[in-house]
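Reader: I'd like to learn how to read a fold like a structural biologist would. Can you walk me through one?

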Amino acid sequence: MCCNDTIIIALGSNCDAENNIESGKEYMREQFGDIRFSSSLHTPAIGISTGEFVNCLAIVRQRSTPDDIIRILKGIEQKCGDSRELRQKGIIMLDADLLLCDGKRFHEADWSRQYIADLMRELGVNVK
């Protein structure tokens, strides 16, 4: 399967969050040609007991497979210093998740979060 329409990616960080989100955006600009970002929102942690997160969304128009996009995103997380060991301690340097590709939803639990809906509206994305 190849994504050939709207691709939506969620970014989040709870450690040096503003800087890590900006670094993630720069790496994403290098990898994806046509990309746009929402504003960033500060949100409480969900499912882990840490400080707040900074979150934003990216919208991309690029032909690629979900596996290729996920591979790129995992590489960007690593470039930002993210690791399994840090995550086990509740430290998220950068989390970059594919939410939508070729009309297929990923990370279904994220879709019920209000900040995701708010940021999608900001980007002009109407996904049901």
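Author: Sure. Let's begin with a strand pair: β2 and β4 run antiparallel and are joined by 4 bridges. Keep in mind that this is a predicted model.

Reader: Which residue of β4 stands opposite F37?

Author: That's A58.

Reader: And how do the side chains along β2 point?

Author: They alternate. I35 and F37 go to one face and are buried, while D34 and R36 go to the other and are not buried.

Reader: Let me zoom out. In what order do the elements run from the N terminus?

Author: The order is β-α-β-β-β-α-α-β-β-α, which comes to 4 helices and 6 strands.

Reader: How does the radius of gyration sit with a compact globule?

Author: The general idea is to set the chain against a rule based on its length. For 128 residues, a compact globule would have a radius of gyration near 14 Å, and the chain has 14 Å, so the two agree. The C-alpha trace spans about 35 × 30 × 20 Å along its principal axes.

Reader: What share of the residues is buried?

Author: Buried residues are 45% of the 128. As for the surface, the accessible area is about 6,800 Å², with 47% of that belonging to carbon and sulfur atoms.

Reader: How many of the contacts join residues at least 24 apart in sequence?

Author: Counting contacts between residues at least 6 apart in sequence, 66% join residues at least 24 apart.

Reader: Now helices. Why would residues three or four places apart point the same way?

Author: An α-helix has 3.6 residues a turn, so residues with that spacing end up pointing the same way. Now take α4, residues 114-123: its buried residues are Y115, I116, L119, M120 and L123. These cover an arc of only 135 degrees around the axis, so they lie on the same side of α4.

Reader: Which exposed residues does the face turned away from that side carry?

Author: Q114 and R121.

Reader: And what covers the buried residues of α4?

Author: The cover includes strands β1 (6-13), β2 (34-37), β3 (41-43), β4 (53-61) and β5 (95-101).

Reader: What happens just after α4?

Author: G124 takes a positive phi there, about 80 degrees.

Reader: Let's try a single residue. Is T43 buried or exposed?

Author: For that you check the relative accessibility against a cut-off, and buried means under 20%. T43, which sits in strand β3, has 9%, so T43 counts as buried.

Reader: What does T43 touch?

Author: Leaving out residues up to four places away in sequence, T43 touches E52, F53, N55 and Y115. The side chains of T43 and N55 are also joined by a polar contact of 2.5 Å. Y115 is a link back to the helix, as one of the buried residues of α4.

Reader: What about H42, also in β3?

Author: H42 has a relative accessible area of 44%, so H42 is partly exposed. Setting aside neighbours within four places in sequence, H42 is in contact with E18, E52, F53 and V54.

Reader: Which side chains make polar contacts with that of H42?

Author: The side chain of E18 does, at 3.0 Å, and so does that of E52, at 2.7 Å.

Reader: How far apart are H42 and Y115 in sequence and in space?

Author: They are 73 residues apart in sequence and 9.2 Å apart in space, C-alpha to C-alpha.

Note on methods: Residues numbered from 1 in each chain as written. Predicted model: local features only at pLDDT ≥ 70, side-chain atom pairs only at ≥ 80, totals over all residues. Heavy atoms only, no water. Buried < 20%, exposed > 50% of the residue type's maximum accessible area, 1.4 Å probe, protein only. Helix = DSSP H or I, 4+ residues; strand = E, 2+ residues; numbered from the N terminus. Arc of directions from axis to C-beta. Contact = heavy atoms within 4.5 Å. Polar contact = N/O pair within 3.5 Å; in protein donor to acceptor, adjacent residues only side chain to side chain. Rg over C-alpha atoms; globule rule 2.2 N^0.38 Å. Areas by Shrake-Rupley, 256 points an atom, 1.4 Å probe, with all protein chains shown as cover. Pairing = 2+ DSSP bridges.
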